[in-house]
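Biologist: I would like to learn how to read a model of this kind, feature by feature. Could we begin with a single residue and work outwards from there?

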Amino acid sequence: MPGCNAPIADDILLDYWVRDVTDSDETDPIEEHLFACGDCSARLHQITSLGAGLAALVRLGRVKGILSRSLLNRLQRDGVHVRLYSLSPGETVPCAVFPGDDLVVTALRADFSAADAVTLSVMGPGGSSIGMVDDVPVSRVDGEVLWALPAAIVRQMPSMRLQITLVSAGDTRAELGTYALDHTASPA
Amino acid sequence: MIDSTDGDLARAVAARAPGSAEAETELYRRFAPRVRLYGLRHLHDEETARDLVQQVLLLTIEKLRDGLVRDTDRIASFILGVSRTMAKDLKRLEWRREKLREPFMASFLTEVPAADATLDVDRLERCLARLAERERVVVLLTFYAERTAGEVGKELGVTEGNVRVIRHRAIAHLRTCITSREVMP
């Protein structure tokens, strides 16, 4: 088989695959090329496999970090068992993970009217740093940041208090809220 | 066969000469993944896409055998045309699967390629965790929630163009991470 003389760029393949390109004037030449070119169709296959793998991971609750509200809603609709804790600034909430839980999500409410992004930091006993997440995109409309951990990870955690702080990103670094989770370890 | 052009394969099938069965198999091996991707893109369902592969390539081979494909050098365009027509039919009509499939079933038609079975999901999980938050949210909204760049942009308060840039960068990072030989904890 001859190689490809005019490969389609990866970003165009990606736009085509996720339906950001839908006009037939644009999609028809892409499809003509993909059917005639094994190299480009193989690259598209790699992208789609990656996408399918990502979707599979999420369905298994194997995702950690920041979620959007629409992602959370979709997960719940798809039957992923989500344990959700919602906290306002200054609030302390007892938390645990239960049998059957797939994902633990902490909803941190705050006033994001002056922030485009925030930094989320998590401290353990004695002020030890457990983790920090930078440049977290925030929705001013929703007024919350959703922080997710797979239940499998939370099940390994001992009983302890987790202190979470949200600080606006950028030069101002204004504190937007501190929150505490009193975590009870899962029975061995 | 593996070095033959698509046109060579189509002509070998049409000739019904010794070796045409091998040409059919190679034609199928070559085009099945392309038709499957087309089916997934337009029909949004793995099983239906696999059905499309079988129907499209079965019809293609029948037309070649019957000498009804005029320009064998443009066999790829022919297969795309059949894919378009059949995908439209699939959207409109009940799929009479068994009735169409059974009389002509050849052994290689059952081996429709699936999604990449070699993808290491555990490694992908660790690679995903290495992405910047914004990149991770964008790829999850794209591939799991199936949102367009415009929809993701609205949700995250960034432009559609910016979403595309972030998405492209994230996928590039993931592909590099997945294929690297680096040992990950």
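Modeller: Let us begin with Arg167(B), which, once residues up to four places away in sequence are set aside, touches Leu14(A), Val138(B), Val139(B), Thr142(B) and Ala149(B). Please keep in mind throughout that this is a predicted model.

Biologist: Where does Arg167(B) sit, and is it buried or exposed?

Modeller: Arg167(B) belongs to helix H9 of chain B. The general idea is to count the C-beta atoms around a residue, and a residue is buried if 20 or more others lie within 10 Å of its own. Arg167(B) counts as buried because it has 23 C-beta neighbours inside 10 Å. As for distance in sequence against distance in space, Arg167(B) and Val138(B) are 29 residues apart along the chain, while their C-alpha atoms are separated by 6.2 Å.

Biologist: Val138(B) is in H7(B), so how many of the residues of that helix are buried?

Modeller: In H7(B), 10 of the 11 residues are buried, so this helix is largely enclosed by the rest of the structure. The buried set includes charged side chains as well as nonpolar ones, for Arg134(B), Glu135(B) and Arg136(B) are listed in it together with Val137(B), Leu141(B) and Phe143(B), among others.

Biologist: What does H7(B) give to the side of chain B that touches chain A?

Modeller: It helps to take the whole interface before its parts. In total, 44 residues of chain B are in contact with 47 residues of chain A. On the side of chain B that touches chain A, at least two residues each come from helices H2, H4, H6, H7, H8 and H9 of chain B, and H7(B) gives the most, with nine residues. Sorted by class, that side of chain B has 25 nonpolar, six polar and 13 charged residues.

Biologist: At what angle do H3(A) and H7(B) pack?

Modeller: For a pair of helices one reads the angle between the axes together with their separation. Helix H3 of chain A, residues 38-59, packs against H7(B) at an angle of about 95°, and the two axes are 9 Å apart. The two helices are therefore roughly perpendicular to each other. From H3(A) the contact is made by Gly51(A), Leu54(A), Ala55(A) and Val58(A), and from H7(B) by Val139(B), Leu140(B) and Phe143(B). By class this contact has six nonpolar residues, one polar residue and no charged residues.

Biologist: Which residues of H8(B) are buried, and what covers them?

Modeller: The buried residues of H8(B) are Ala149(B), Val152(B), Gly153(B), Glu155(B) and Leu156(B). Looking down the helix axis shows how they are arranged: they fall within an arc of 165°, so they line one face of H8(B). The cover over these residues includes H7 and H9 of chain B, and from chain A it includes helix H4 and strand S6. Just after H8(B) comes Gly157(B), which takes a positive phi of about 70°.

Biologist: Which residues other than glycine have a positive phi?

Modeller: Two such cases can be read side by side. Asp135(A), in strand S6 of chain A, has a phi near 50°, and Glu146(B), in the loop between H7 and H8 of chain B, has a positive phi of about 55°. Asp135(A) is partly exposed, with 15 other C-beta atoms within 10 Å, and Glu146(B) is also partly exposed, with 14.

Biologist: How should I read chain A as a whole?

Modeller: One starts with the elements and then turns to overall dimensions. Chain A has five helices and nine strands, which follow one another in the pattern α-α-α-β-α-β-β-β-β-β-β-α-β-β. Its radius of gyration is 21 Å, whereas a compact globule of 188 residues would have one near 16 Å. The C-alpha trace of chain A spans about 65 × 45 × 30 Å along its principal axes, and 31% of its 188 residues count as buried. Of the contacts in chain A with a separation of 6 or more, 60% join residues 24 or more positions apart.

Biologist: Which residues is Pro94(A) in contact with, apart from its neighbours within four places in sequence?

Modeller: Pro94(A), in strand S3 of chain A, is in contact with Asp182(A) and Thr184(A). Pro94(A) and Asp182(A) are 88 residues apart in sequence, yet 4.5 Å apart from C-alpha to C-alpha. Pro94(A) is nevertheless exposed, with 11 other C-beta atoms within 10 Å.

Terms used
Residues numbered from 1 in each chain as written. Chains lettered and ligands numbered in written order. Predicted model: local features only at pLDDT ≥ 70, side-chain atom pairs only at ≥ 80, totals over all residues. Contact = placed C-beta atoms within 7 Å. Helix = DSSP H or I, 4+ residues; strand = E, 2+ residues; numbered from the N terminus. Axes fitted to C-alpha atoms, helices over the stretch in contact; angles between N-to-C directions. Parallel < 35°, antiparallel > 145°, perpendicular 65-115°, else oblique. Buried ≥ 20, exposed ≤ 12 C-beta atoms within 10 Å, placed from the backbone. Arc of directions from axis to C-beta. Rg over C-alpha atoms; globule rule 2.2 N^0.38 Å.
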